[in-house]
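Here is a short report on one structure. Have the sequence and the 3D view open as you read.

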Amino acid sequence: NQELLRTAEGWAALTQFLGSCRASLRVIALDRTGATPEALRAVTAVGPFRALEEVDVSWNQELLRTAEGGAALAQLLGGCQESLQSIQLQDTGAMPQALRAM
């Protein structure tokens, strides 16, 4: 799955699936998928994910190198503020501008 979210085709397949279970989805594990800010925006577009408890975007080394990546993650998290318990950000290349955008 390391390349799944690097292409529009991958985003489309994932978002189609997520759209069918967004009301009950508790975990989104996008670790090691090549997630990009564009991919996170595509996932967010099928939300909100109000029951989401855990988000894992670890091991997507370029995801949080820019403010764009931080803003995209913030959009995804914005729909689940009441239920969110855990965010995994290991090895995402987190830079200050991305964290400020969150």
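## Loops, sheet and pocket

Pro-48 sits in the loop between helix H2 (37-45) and E2. Helices (H or I, at least four residues) and strands (E, at least two) are DSSP runs, numbered from the N terminus. The peptide bond joining Gly-47 and Pro-48 is cis, with omega about 10 degrees.

This is a predicted model, in which local features need pLDDT of at least 70 and side-chain atom pairs count only at pLDDT 80 or more, while totals for chains, interfaces and linings use all residues. Residues are numbered from 1 along each chain as its sequence is written, and side-chain values use heavy atoms, with hydrogens and water left out.

Next, the sheet. Three strands form an open sheet in the order E1-E2-E3, with parallel pairing. Strand E1 (27-29) and strand E3 (86-88) are at the edges; each has a single partner strand, so one side of each has no neighbour in the sheet. Neighbouring strands are turned by 5 degrees against each other on average, direction ignored. Here the axes are lines fitted to C-alpha atoms, and angles run from 0 to 180 degrees between N-to-C directions. E1 pairs with strand E2 (residues 54-56) in the parallel sense over three bridges. Two strands pair if DSSP finds at least two bridges between them. Ala-29 has Asp-56 in E2 as its bridge partner.

Ser-83 belongs to the loop between helix H3 (67-78) and E3. Its relative accessibility is 15%, so Ser-83 counts as buried (under 20% relative accessible area; exposed is over 50%, partly exposed in between; 1.4 Å probe, protein chains only). The Ser-83 side chain reaches two backbone oxygens: that of Arg-50 at 2.9 Å and that of Leu-52 at 2.5 Å.

Two residues other than glycine have a positive phi. Both are partly exposed.

| Residue | Phi | Loop | Relative accessible area |
|---|---|---|---|
| Arg-32 | near 60 degrees | between E1 and H2 | 42% |
| Asp-91 | near 50 degrees | between E3 and helix H4 (96-101) | 37% |

Last, the pocket. The largest pocket has a volume of about 210 Å³. A pocket is an open set of points on a 1 Å grid where a 1.4 Å probe fits, with protein on both sides within 12 Å along at least five of seven lines; lining residues have an atom within 4 Å of a point. The lining of the largest pocket has 13 residues; Arg-6, Gly-34, Trp-59, Asn-60 and Gln-61 lie nearest its centre. The lining divides into four nonpolar, five polar and four charged residues, with Gly counted as polar.

Key: Grid points are joined across faces, edges and corners, and a volume is the space filled by probe spheres set on the points. A polar contact is a pair of N or O atoms within 3.5 Å; within protein, one must be able to donate a hydrogen and the other to accept it, and residues adjacent in sequence count only if both atoms are side-chain atoms.
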